[in-house]
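Please find below a colleague's note on the structure under review. The points are numbered for ease of reply.

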Amino acid sequence: MDTKVISTGIPYTSLPESYIRPESERPKLSEVEVCEDVPIIDLCCDDRSSIVQQIGYACRFYGFFQVINHGVSLELVEKMLEVANEFFRLPVEEKLKLYSDDPTKTMRLSTSFNVKKETVHNWRDYLRLHCYPLDQYVPEWPSNPSTFKDTVSSYCKQVRELGFRLQELIAESLGLEKDHIKDVLGEQGQHMAVNYYPPCPQPDLTYGLPRHTDPNALTILLQDLQVSGLQVLKDGKWMAVKPHPNAFVINIGDQLQALSNGRYKSVWHRALVNADKPRMSVASFLCPSDDALISPPVKLTEDGTGAVYRSFTYAEYYKKFWSRNLDQEHCLENFKNEIIP
Ligand code: OGA
Ligand code: NI
């Protein structure tokens, strides 16, 4: 790569070799269908038991869903997208001051996924931030654009509240105490990936992000309204998730799959790029505290199946996740208990 990032402002006329997937790994766009029935859950509805039931259904059969009337100010959502766009429009030299390919950095601009581990690159630049506790991390965030710190801090606070509400609803949908998930996950960390996918000269040969599951507990994704790109694997088929106005896409991460003893699935998903327009997405990840011991409650193992995964700390899991390439087998496979016949 000539420059380290691809959001240089200069359009590419052909896809550099290092982004081209071997034929068998390409997205096969003609086989992808639009998912017309992605659950949309209205969190404002008064009937809590109905919300819990819808969430349970979505988590079990989809592993992802959308929420509306979610309590995050729509004005703030717009501001978040605006400041994200402004950031990626900055001159490349300015952005490169923040560049790092070291996944342990708590603030960095990077590209692709894990440049040091992967063999083929992905058509994405991203700004990755730690967001909790804010006092600790905001000082290291970009100060250009000048509104960045304020806007993103407010956004993070509101998204965190939404995440906690969802964790309570998810716990209830599993028949657990409302606070069970929050209690197990401890003082949760929060990370953000501001993803920018520039127009790509050959979108059928590469990915913005190849298939992966999220290693954390819960992901709250703000999708670009104009340009679609998110696809999820549902019943063995890739389905495109059309952006819905005023909605967040929520997906279950690996930790909730483990905590629910496999009842809820951390879905495979991927991001496709397109030829004419850049796409932006903002992913917020709620992550267990490093020392949280991830292990399912007795209530979910006593039906005779036992624990599907061995107990582990989140620190152990996270280290394993970043030691791999992104599109390998499900990372949880490494933590499976042996089945004793
Ligand atoms: C992610 C992710 C999807 C998207 O950042 O983990 O899956 O649509 N993003 O950008
Ligand atoms: Ni993801």
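The points that follow treat a helix pair, a sheet and the surroundings of a ligand.

1. The model is predicted, and the remarks below should be read accordingly.

2. Helix α2, residues 74-89, packs with helix α5, residues 148-173, at an angle of about 135°, and their axes are 9 Å apart. Because of that angle, α2 is oblique to α5. The crossing of α2 and α5 is left-handed.

3. On the α2 side, the contact is made by Leu76, Lys79, Met80, Val83 and Phe87. The α5 side contributes Phe148, Thr151, Val152, Ser154, Tyr155 and Gln158. By class, this contact of α2 with α5 comprises seven nonpolar residues, three polar and one charged.

4. Five strands form an open sheet with mixed pairing, in the order β1-β10-β9-β12-β7. Its edge strands are β1 (33-34) and β7 (209-212), each of which pairs on one side only. The pairing of β7 with β12 (residues 269-271) is antiparallel and runs over two bridges. Leu209 has Ala271 of β12 as its bridge partner.

5. Both Leu209 and Ala271 recur among the residues around ligand 1. The other residues around this ligand are Ala193, Asn195, Asp214, Leu221, Gln223, Gly229, Leu230, His269, Ser281 and Ala283. Strands β6 (189-197), β8 (218-223), β12 and β13 (279-287) are the elements that give two or more residues to this shell. In terms of class, the shell around ligand 1 divides into six nonpolar residues, five polar and one charged.

Terms used. Residues numbered from 1 in each chain as written. Chains lettered and ligands numbered in written order. Predicted model: local features only at pLDDT ≥ 70, side-chain atom pairs only at ≥ 80, totals over all residues. Axes fitted to C-alpha atoms, helices over the stretch in contact; angles between N-to-C directions. Helix = DSSP H or I, 4+ residues; strand = E, 2+ residues; numbered from the N terminus. Parallel < 35°, antiparallel > 145°, perpendicular 65-115°, else oblique. Left-handed = near helix turned anticlockwise from the far one by under 90°. Contact = placed C-beta atoms within 7 Å. Nonpolar A, V, L, I, M, F, W, Y, C, P; charged D, E, K, R; others polar. Pairing = 2+ DSSP bridges. Near = placed C-beta within 6 Å.
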